[in-house]
Amino acid sequence: MILGVALVRPTPVLVAVGDGVPEWPVGRAAARSARRACVAVDLSGLPTAPVAAIRVGGPCPEVLRPRVGSGAATIVRGGHSLTGRALAPLDTEAVRRFAAGCGLADFAVTATGSPMLADHELAVAAIVSAEVPGARITLSYEFGTPGLREREESAIRNAALGAEAGRIVDEAARELPGVPVYFARTGSGVVSASYFRRYPLTCDLGGAASLARGRVALPGVPHEVAAAYGAAIGRPEARVERIVQARGRAELDRVLQDARDEALTRVVSAGALPGSARIAETTVNPLSYLPDGLYRVRVTAEGTVP
Amino acid sequence: MGGVRAAGWEAPITVAELVNAGPLAGARMYGTGEVQVRQVRIVDELSVLGQVTPHTAVVLIGAAAGGGWAVEMAMRRAWEQAAACVIAPSGGLSAGSGEVLAERLGITLIFVDEDPLIVAVRIASAASRPEAARTQLVARCATRLAEAGPSARRVLGVLNAELPGTSVTFLDRYGRHVAGARPTDRPGVERPGQDRPDLDRPGAERPGQAGPDRSGVERAGVEEAGGRVAVREAGGRSLEGEQPPLRAAAGEPPVAASDGATTDEDGRSHEARGERAAGRGEGGASRGGRGAGARWSAEVEVLDQEGGVLGTLVAVGSSRSPGWPAAVRTVLNLAVAPLTAWAARERLRASRDFALQQALAERLLAEAEAEAEAAPGTGTEHGTGPEPGAGAAPGTTAEDGTGAETEARAETGAGTEAATGAEAGAGTGAGAGGPAKAGSKARMEGGARVEAVALGWPVEGELTGYHVRPTAEAADSPLARTLITAALGQVPVLPRGEGWAGWSALDPGELAARLARGVRSMPWPCVAGVGARVEGLRSVGESLLGAEAAAFVAAPGTVARADRMGPAELLGALPTGVLRTPAAVVLRPLLAVDKDGTLLETLAAVLDEGGALKAAERLGVHRNTVTTRLERVKSVGFDLDDAATRLALQLACHVLLR
Amino acid sequence: MGRVIDRDELGRLSAGSRVFAIGTEESAYRLTLDWAHSVIGSGVELVTAGEADPGTLCVSITLVGSTTALGEQLPAGDEPARAVRALERRLGERAGAVVALNLAAENALVPLIAAAQLGVPLIDGDGTGRVFPLVEQTTYALGGLSPAPLALAGGSGELVLLETPGDRVEELLRPVVLSFGGWGVAACYPMTAGELARVVVPGTVSLLLRAGAPGAPRSAAAPYGVRTLCRGRILAVEGSTGHGADLALPSLPSSIVVQESAGLRRLVRLEAHNEIVLALADGAPVAMAPDQICMISTEGGMVVDVDKAEPGLEVEVMVVRAAPVWHTDRGQALGGLRAFGLPL
């Protein structure tokens, strides 16, 4: 039996799914005997933590600076152009100063050009870890999308949700001891609790996505039941998006293989059985008005749960 | 046989013919390929297409082949110019969209892997002399028919094997199947899931060509991407999206139709273009299946020796090549003589009483063949349908394949023939073989062999077949048998065609010598042949074949030996009456300039002697004279360096000069 | 006198500028719009070329290079002004107005930002009436004017002044842009307002303001007419995009095959070289450059870029007629099919 959970106020709605057939309500004992639980939750409206945002790049108009609400933000020199050239050496001292002085534990790091080359984000993460023990650090390249501001926004939001995501995971573990818990992704699929804890943003609209799926499968049931059911029928899924440079077919094949390997690794960390992980889709688009050999690569991997 | 050459014989070769059996063999073709090819144009830029004349095979190279858009535009412009087809190098355009557009426009698109320039040269060669290309086919059929001899089954086997894309059946005068493709196998009878004519004929798929399976995969791909590909009328569109009238004058058919979409928006079904179906009056049955051409059929009546109707040869196919049915009809006419002979022989056989010995000899041969067939790896074919006029008399010779199941034949008159594929010599239908084998085994033990031994007939060891054939009407078979056994000793004497055959333990030389005496003693003009020496009864059929063939080429009153028979003798066996017209067609360009026959004589000499020097000796002229004459021959378009051309010319010369 | 483009009008202009714009990177578009909002203040004056003093120096402003790069490597903010100032220094004269090279998405906004930063009016018109990929493909060039001298300002403070025969500008500009990191802001085609009045495609800014108004029909953004070529489904994308495991090496140019969904069910091939330059229906050319051919998503109503085209996508293929000057012989030579390397 798989437990679908719609995490709604005031009390979560539980649906037991056996052989695709939903049953509800579900008693606590029955819930704890579930093979796994899949949680549908929308993160909008949840409490967010103040975030320390570090952008690596050049100066910009005020309106284009990082937006962090109640947190703190800085722009430090560094980053790469999409052609792979270092715009400036990373200002490690500025990173250190900011990390030590911001007084925050949730960091979002966004470097110019990181979908192409993430070196500076990784370097910033190392400095921050050293300065702020226990810091939760989100690196924007994990979200991959080109467009510095959008990626930064994702990183900041992911960082802001980290604490609350951890709380949800902990609570689920308390309620359902021994039951592996998964969370519905925005779009399609589910991810493991640990993956959710690290990348809650991938589940930002997991409740809405589950509801949409559930309503197709079970028309006429209450929304919460549909959402719980929709979550229960998801499979682990993970995506990787990169900008790659490849001269010729052989090199492209190699960098694509790298991206696929990363997607396969991610879907396993998202809860898929290692043997079940497979590439669902690979999309490659050349980038216009840039040197030949620059491509946007999107890889989706999926798998099954134990 | 003045009517041999049907209308359309000289019609330009079609795209489909090029791909089916011509210089484009192995290419991927999309579209029906029904348009005639009269010339080739190599196109390296699209603007040139405006100058392309109708019936041109357009070969795209360079910029004109550079990418899908270029190929598609070329297809469009080629269609506007009523070109025959567009030939593009592989890889420029995805097969899916190329196929769809080919169907929409009704213009054939061919992808070639080879250098397009080389392809172009080959097409040009075939297009410039289509009649030569077809004559080659006819000459080949003539040779094979001569080899086949007067056997309905073998004649039909030759026809079905040599006429690709065509299904030939011999029906008796009541319309019953005698030999050849089974009526149920005749194209035109639709079977579910089969909409490609190739499926009807095993062996019709060509390497490299998109076969049914592959096509299915490609279609699936297209449908997956774009849903149902309902292809409809492809009208011309102006830039403003208006639809100009169909180009009826050019006769472009709204050919293409895909699954479930066989009518265009006007509700017209996609039938063949009228000129083709009606133009030859052959009543081709049309159908709307995708990629299927209109069915044409060609029929030739076979008369018996008394002039009565024996039956009809029916050929059906789906090619819309206007030249092809004509070629087929010519070949069918070639088959009339052997079929007439076959019937006459069967009747003779029925009318004579050779009593026990004949039946015994027949049984021996039949059982030997059945035994041979039961042995693995022997592919001798078994069984025919009912034979008109054969009546109660069983088939008597092993090589006619009647074999042991004589009762079955007489009673059921059907069912023993192998599947259509077997007609092409592909093997024996298992259904026909099984019971016959069982029966023959029992009989073999039963006593035919014992009887034969009692009669003093050789049944083991080295055997040699013989064949005696009267060249005028022979009335008295018992007398013939008496005279033959007088000359050869105790041997079986079987009625065989118009003559008699059997086998002896004598070696071919001694047998020929004795047979020569026997022939001279006959009250009728006769010829005879001696086969090769073989081991045992199982192989004697082969020797008999050789003997028969040898007799066929023997000069009157003489004995020919199959083991000594060469090309000259084989040439002499050609049915010259039948081949005279096609020969004249082949040689027409030469005859037109050859007022006194010198060139023809010289050409024949050169081809026969294998060189100008010997030819000069034979003709008693100087070598330079021969060379000069040959130059004239070449100047009218004969490529004497081409082996196929040489063969066709040699045959044609032989026929005309004999 | 002219009108003022204020914050409200800016919203309309940006909406109108996207109706037929291809190659728009959402990120770049949004940051440009935010940037414009931040500098527009009380608004930018919009005047026709004829309204300006004929002797006024007008400078064309355009973004050059990759919008993907712009979205990734943000502007410092001073690029438009820096480029114009550099040109002014070279010419020894102050610019009295700026004008757009074209009005597609970001390129409609960057001249506005320049005008706001410099405090000069924006001319109502542009140099293409549509978008062409090359700086030289303008009605200005058709009118005999040179893009050079041209000043290019980059996001990391770079500044390059090109002074070269007009037909070599693109060749020199491209590597410079790449070395900048993929994008830059160019100030070019310096000319008097009198000259501009002769060569500009007039009134196109006003047109986009109207087209960007809520409820305006799509055709309002096409000054010389627009027609629908077909509605259909993308059947295949050849050349540029690979899907699934069996990946074809992507390369430009690419080709998109659309099967018409209804009616004649024609097979429409869209040949693209960064943008769609030729449309064939059943092999017959039905639209080509200099007219602009674009795919509009049936579902979202947005322009579908060539590199976003995927099999199965439902699209409407539209043809925006280019300004008449593009249909002259000289216009064809500069912006017609051959300019895109298609030997037709």
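Trainee: Let me start with chain A: what share of its 306 residues counts as buried?

Mentor: Good place to begin! In this predicted model, 58% of the 306 residues of chain A count as buried. The chain has 8 helices and 13 strands.

Trainee: And how do I read the contacts in chain A with a separation of 6 or more?

Mentor: Look at how far apart in sequence the partners are. Of those contacts in chain A, 64% are between residues 24 or more positions apart.

Trainee: Next, cysteines. How many disulfides does a search of the whole structure find?

Mentor: The general idea is that a disulfide covalently joins the sulfur atoms of two cysteines. Here the search over all chains gives 0 disulfides. Two cysteines are still worth a look for their surroundings: A:C203 has 0% relative accessibility, so it counts as buried. B:C141 is also at 0% and therefore buried.

Trainee: Now the interface. How many residues of chain A are in contact with chain C, and how much area do the two chains bury between them?

Mentor: An interface's size is often expressed as the accessible area that is lost when the parts come together. For chain A and chain C that is about 3,300 Å², with 55% of it on carbon and sulfur atoms. A:R249, A:P286 and A:Y289 give 20% of the area that chain A buries against chain C, more than any other three residues. In terms of contacts, 42 residues of chain A meet 42 residues of chain C.

Trainee: Which salt bridges and polar contacts cross between chain A and chain C?

Mentor: First the principle: oppositely charged side chains can pair when their charged atoms come close. Across this interface there are 4 salt bridges. One of them may be seen between C:D34 and A:R149, where the closest N and O atoms are 2.7 Å apart. There are also 8 residue pairs in polar contact between the two chains, counting pairs with both residues at pLDDT 80 or more.

Trainee: Which elements of chain A supply at least two residues of the side that touches chain C?

Mentor: Helices α4 (148-175) and α8 (249-269) do, along with strands β12 (278-286) and β13 (294-302). The largest share, 6 residues, comes from β12(A). By class, this side of chain A has 20 nonpolar, 11 polar and 11 charged residues.

Trainee: How many salt bridges are there over all chains, and where should I look for one inside a helix?

Mentor: The count is 42 over all chains. Try A:R167 and A:E171, whose closest N and O atoms are 3.0 Å apart. Both lie in helix α4 of chain A, 4 residues apart, about one turn of the helix. A:R167 is partly exposed because its relative accessibility is 40%, and A:E171 is partly exposed at 36%.

Trainee: Are B:E80 and B:R76 buried or partly exposed?

Mentor: One of each. Their side chains form a salt bridge at 3.3 Å, N to O, and they sit 4 residues apart in helix α2 (residues 68-80) of chain B, so about one helical turn separates them. B:E80 is partly exposed at 39%, whereas B:R76, at 2%, is buried.

Trainee: Which distant parts of chain B does the pair B:E462 and B:R533 link?

Mentor: This salt bridge has an N to O distance of 2.7 Å. It links strand β10 (residues 462-470), which holds B:E462, with strand β13 (residues 526-535), which holds B:R533, the two residues being 71 apart. B:E462 is partly exposed at 41%, and B:R533 is partly exposed at 36%. Elsewhere, salt bridges with shared partners join A:E142, A:R198, A:R242, A:E262 and A:R266 into one network.

Terms used:
Residues numbered from 1 in each chain as written. Chains lettered and ligands numbered in written order. Predicted model: local features only at pLDDT ≥ 70, side-chain atom pairs only at ≥ 80, totals over all residues. Heavy atoms only, no water. Disulfide = S-S within 2.5 Å. Buried < 20%, exposed > 50% of the residue type's maximum accessible area, 1.4 Å probe, protein only. Contact = heavy atoms within 4.5 Å. Buried area = accessible area lost by both parts, 1.4 Å probe. Polar contact = N/O pair within 3.5 Å; in protein donor to acceptor, adjacent residues only side chain to side chain. Nonpolar A, V, L, I, M, F, W, Y, C, P; charged D, E, K, R; others polar.
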